[in-house]
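Visitor: Please pick one part of this model and take me in close. I'd like to see which atoms meet there, and then hear what else is worth a look in the rest of the structure.

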Protein chains: 2
Amino acid sequence: MAATMKDIARLTGLSLATISKYLNGGHVLPANQQAIDQAIHQLGYTVNSVARSLKTRRSMTIGVLIPHLENVFSTSIISELEDKLHQIGYSTIICDYHHDPALEAEKLGFLTDRQIDGLVMMPLSGCREALAKLKERQIPVVLIDRPVEGLDCDAVLVKNRKASFQAVSRLAEAGHERIAVICGPQGVYTADERLYGYKDALTHYRIKIDEDLIQYGHYDTESGYTLTARLLDRQKPPTAVFVTNHEMTYGAVLAVHERDLLMPDQLSLIGFDHQLLNQVLRPKLAVVMQPLKQIGHTVAELLLNRLTGRDHQCPAQVRYLDAVWQNGGSYGPLS
Amino acid sequence: MAATMKDIARLTGLSLATISKYLNGGHVLPANQQAIDQAIHQLGYTVNSVARSLKTRRSMTIGVLIPHLENVFSTSIISELEDKLHQIGYSTIICDYHHDPALEAEKLGFLTDRQIDGLVMMPLSGCREALAKLKERQIPVVLIDRPVEGLDCDAVLVKNRKASFQAVSRLAEAGHERIAVICGPQGVYTADERLYGYKDALTHYRIKIDEDLIQYGHYDTESGYTLTARLLDRQKPPTAVFVTNHEMTYGAVLAVHERDLLMPDQLSLIGFDHQLLNQVLRPKLAVVMQPLKQIGHTVAELLLNRLTGRDHQCPAQVRYLDAVWQNGGSYGPLS
DNA sequence: ATAACAAGGTGAAACGTTTCGCTTTGTGAT
DNA sequence: ATCACAAAGCGAAACGTTTCACCTTGTTAT
């Protein structure tokens, strides 16, 4: 139905080779140029990129595999990434694995069948072997947020430990000693790192580490709420709480509001990643913010280096980005 | 590099046709079946879907074009949609046009070049002609959120007018007469509809429509904040405010918090689409919620009807979905 | 005049599948 | 034995591009 190069050839009397050359930026005689343009217009021709991909062996498509689309962390990065990739002609196939390792593996397989030229992934289980196979086939992979154990692979990570250290340090400097932390599941890379940062800070300020003040959640609103509530309802509650991800911060704020505690007088709170929520909260929440746009940007950069062959065979590159501190009135000196 | 069917043919001694048949679910002798499976495993063969697409003339790909990825409204719908489509073998190419009509047109072209089998779009300018051309080529298009004028096309819309009417009715029933509305830009479909609903309700309750209480924003946090602030700082402020989208609701809440106004005693507020924010606000905000999952689901359904040819040539289908009322303590009777 | 060369153009072979029409083989009924 | 028929397999032609090696022309330097 749709017009093909053959139709243009017929209309202009030129050969396929010439038309292809012109379409790909080659030189042809001005008269022919005009004839081709005219034919294209008349036929409403657009290139069939499937055929092109088959021949060139490049799909000009990047797979993106993330835990969940309804999540500012992912979408903010992807929005940036999609833009950068689009600018140089790549499209992005996005797959959401709903935090499910089985789906993660399944959709990864789906993407590789699709002949993607590159993959960007926020791993959960990791699929180490599948990824290794991709790399063997020279398909670049860039990981976000967490590395995959035992896989030597480009990645863009945030300096979680340092960010955590700095946030908790601020609480310590304000005089707090009973500082609680709501962290993610043990064994999850970012959760472990953020917890280390917390411990680093306490050690640095010679505050004894009290295991009772360390609460392990599931990085979701629910556990943020429950764990914070449990802490606040104790006989001797902490005077400060550091919450280590976006979702749990929601939960923590809710628990605080519910108890009508005033920040920072009755409780100091530092959260994670909350630009949106922060537009409406009073006092403004002090938060550690991951540099989402910069992550997207850096991912694109690493990917392009590989795709354009500039870094064809060099060793894996891992970029560590600094988190951004956003101040707010939700913490302060002990009163 | 990667193995092809030819390699399997060589290894098994069978012909391409037989292998293709088996791969697509046809019957072959048990012995051959085993031989093929064994060869596939040994070679690590996976089908090249680019080649398949070229031959079958179906890319098994759906284009998704939205104003902005960092937006719960879009991503929630897309997450659902991506899932449904994936289940039957389709992948989704997502393009974000950053609320820019030029990019909208450009990325639409990009998608059509990619030989998409279908398109899901939240239109801004609409690109009526490009869409009409797609439909001519029998490529199904499903619109979300707003129709495109002059284009007869499948769409999934929300009953905005009705939802708005009901929300404002609640305010009226609570005794309010000075009810303000923060609406979107004039001329934008959803904004107009929601404003009609507001007016419908006032008329129904015999409240005089006061143009001064109708504020036109840009559907962003900034204007939600500014317009609400302006209303509240008047000599004679409204006693109730209805805010008609997600972003502007953020702004409105901020303005209210800033002025330390207690809801519902000093002000009644009804917002739009706020499940997340609502997890932390006290009192809980009463909101009109668009049924995002249901929208995603319905879009998938319409699309599939077309793709599977069930609805091959029948007229455009428009589905109108009901918004969901979520109660909250942010509004109440006049005190 | 002629050799050397650049510029523009061409035919045909790929890329990895699917599919059409045909042949071969095996089975059971006559 | 023969025939009819179903099942399984096969060869070859597509799908719409790109690209290689080659050809034709026209220009310039000698």
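**At the DNA backbone**

Guide: Start at B:Arg52, where a side-chain N or O atom sits 2.7 Å from a phosphate oxygen of DNA strand C. That's a polar contact, meaning a pair of N or O atoms within 3.5 Å; within protein, one atom must be able to donate a hydrogen and the other to accept it, and residues adjacent in sequence count only if both atoms are side-chain atoms. Some ground rules: this is a predicted model, where local features need pLDDT of at least 70, side-chain atom pairs count only at pLDDT 80 or more, totals for chains, interfaces and linings use all residues, and side-chain values use heavy atoms, without hydrogens or water. Residues are numbered from 1 along each chain as its sequence is written, while chains are lettered from A and ligands numbered from 1 in the order in which they are written.

Back to the phosphates. A:Thr18 also puts a side-chain N or O atom 2.7 Å from a phosphate oxygen of strand C, and for B:Tyr45 the distance from a polar side-chain atom to such an oxygen is 3.0 Å. Now widen the view to the 25 residues around the strand (a residue is near if one of its heavy atoms lies within 4 Å). A:Thr18, A:Asn32, A:Lys55, B:Ser20 and B:Arg52 come nearest. On the DNA side, 67% of the strand C atoms within 4 Å of the protein belong to sugar or phosphate, and the rest to bases.

Which helices build this surface? In chain A, α2 (16–23) and α4 (49–56) each supply at least two residues, and so do α2 (16–23) and α4 (49–56) of chain B. The top contributor is α4(B), with 4 residues. (Helices here are DSSP runs of H or I, at least four residues, numbered from the N terminus.) By class, the surface has 10 nonpolar, 10 polar and 5 charged residues; Ala, Val, Leu, Ile, Met, Phe, Trp, Tyr, Cys and Pro count as nonpolar, Asp, Glu, Lys and Arg as charged, and the others, Gly among them, as polar.

Away from the DNA, there are 26 salt bridges over all chains (a Lys or Arg side-chain nitrogen within 4 Å of an Asp or Glu carboxyl oxygen). One of them joins A:Asp200 and A:Arg161, with N and O 2.7 Å apart. A:Asp200 is in α9 (residues 189–204) and A:Arg161 in α8 (residues 160–173) of chain A, so the bridge ties together parts 39 residues apart in sequence. A:Asp200 is partly exposed at 27% relative accessibility, as is A:Arg161 at 35%; partly exposed falls between buried, under 20% relative accessible area, and exposed, over 50% (1.4 Å probe, protein chains only).

In chain B, B:Arg161 and B:Asp200 also form a salt bridge, at 2.8 Å from N to O. B:Arg161 belongs to α8 (residues 160–173) and B:Asp200 to α9 (residues 189–204), so this pair too links parts 39 residues apart. Salt bridges with shared partners also join A:Glu82, A:Asp83 and B:Lys107 into one network. For a buried pair, look at B:Asp145 and B:Arg146, whose side chains meet in a salt bridge of 3.4 Å.

One last stop is α12(B), where 12 of the 16 residues are buried, so the rest of the structure largely encloses this helix. Among the buried ones are B:Leu292, B:Ile295 and B:Arg306.
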